[in-house]
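The exercises below are meant to be worked through with the sequence and the structure side by side. Each task is followed by a solution in steps.

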Amino acid sequence: MKNIAVIGAGTMGNGIAHTFAQSGFSVRMIDISEKSLDKGMATIAGNLDRMVAKGTITEDDKAKTIGNIITYTDIADGVVNVDLVVEAATENVDLKLKIFRQLDEVCDEKTILATNTSSISITQIAAVTKRQDNVIGMHFMNPVPIMKLVEIIRGYNTTDAVTETIMKLSEQLGKVPVEVNDYPGFVANRILMPMINEAIETLYNGVAGVYEIDTVMKLGMAHPMGPLQLADFIGLDVCLSILHVMYDGFKNPKYAPCPLLVNMVQAGKLGVKSGEGFYDYTESKKAEKVAKMFVK
């Protein structure tokens, strides 16, 4: 594999594009918004600058990585002669199905189609294509250039050959691939999201405050960040979407999202991306100041 297309220039998309490009692949980053592409490239450049400053890479490495990425606003143009497409659009099932229908029409029949979905069924996504054997999940973790794990999710019809190819490709990126089966939330979010939801329930029930809950989990359980801070980092809208997918998939009340989470998303309090969630990010992107609504 040499030519990779990435659908989406947001947080996950530009991180995936960065990672492939830094590993020497020719990358086409595709987004319908020119503004999003510009922002994505600026983010990649900024992340590379920090790596140069730390001595992790050289200026020449940075230039080569940037040079390996071409941007497109049209999917059909961007996927010409690519070996792999990694879709990293918003976690919305209708949008993903629409993208995969289009990819199936415009991509070469041998092109492997991967999705970075964090919870949506790979089998459901593959079913809208005529190449179900060539569809697979590649769930990267955020921030992509740093985090080592990639969940490799087999759809019902994904072949052994495609799975092995993507496992080896992930290793080429310096990642640690872990193969899992196709159930709502896979492994990472099936375990993580109920924990985050329970932390929100704990806050909602008045057991403790934002800072206190996160401190207990950081100091008592050795978590690098507390569950409420992590929810803000992921995006509360994304957390809610994943919980909905798991609740719909399992019909188990333990996956039902906390009313506080639902209300916060409806109010536009999405975490870091909106400037406020459980913490206030108007002055700093670090979770240093608890949001006003949670201050006693």
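**Exercise 1. Decide whether D160 and R154 are buried or exposed, and find how they are linked.**

Solution. Bear in mind throughout that this is a predicted model. Begin with D160, which has a relative accessible area of 56%; because exposed means over 50%, D160 is exposed. Turn next to R154, whose relative accessible area is 18%; because buried means under 20%, R154 is buried. Finally, look at the two side chains together: D160 forms a salt bridge with R154, and the closest N and O atoms are 2.7 Å apart. In general terms, side chains of opposite charge can pair when their charged atoms come close.

**Exercise 2. Explain how D60 and K64 are placed relative to one another in helix α3, and state how accessible each one is.**

Solution. First, locate the pair: helix α3 covers residues 59–67, and D60 and K64 are 4 residues apart in it, so they are separated by about one helical turn. Second, examine the side chains, which form a salt bridge with 3.4 Å between the closest N and O atoms. Third, compare the accessibilities with the cut-offs: D60, at 45%, counts as partly exposed, while K64, at 52%, counts as exposed.

**Exercise 3. Describe the surroundings of T65, which also lies in helix α3.**

Solution. Start with accessibility: T65 has a relative accessibility of 3% and therefore counts as buried, the limit being under 20%. Then follow the side chain of T65, which reaches the backbone oxygen of D61 at 2.9 Å. Lastly, leaving aside residues up to four places away in sequence, list what T65 touches, namely H18, A21, Q22 and L48.

**Exercise 4. State how many salt bridges the model has, and identify a network among charged residues.**

Solution. With the cut-off of 4 Å between a side-chain nitrogen of Lys or Arg and a carboxyl oxygen of Asp or Glu, the count comes to 10 salt bridges. One of them joins the side chains of K269 and E276, with an N to O distance of 3.3 Å, and K269 is partly exposed at 28% relative accessibility. As for the network, E87, E91 and K96 are joined into one by salt bridges that share partners.

**Exercise 5. Find the nonpolar surface patch that includes L149.**

Solution. Place L149 in strand β7, which spans residues 149–154, and note that L149 is partly exposed, with a relative accessibility of 31%. Then add V176 and V178, which form the patch with L149; together the three have about 210 Å² of accessible area.

Conventions:
Residues numbered from 1 in each chain as written. Predicted model: local features only at pLDDT ≥ 70, side-chain atom pairs only at ≥ 80, totals over all residues. Heavy atoms only, no water. Patch = residues over 30% accessible without salt bridge, like charges linked within 9 Å, V, L, I, M, F, W, Y side chains within 5 Å. Areas by Shrake-Rupley, 256 points an atom, 1.4 Å probe, with all protein chains shown as cover. Helix = DSSP H or I, 4+ residues; strand = E, 2+ residues; numbered from the N terminus. Buried < 20%, exposed > 50% of the residue type's maximum accessible area, 1.4 Å probe, protein only. Polar contact = N/O pair within 3.5 Å; in protein donor to acceptor, adjacent residues only side chain to side chain. Contact = heavy atoms within 4.5 Å.
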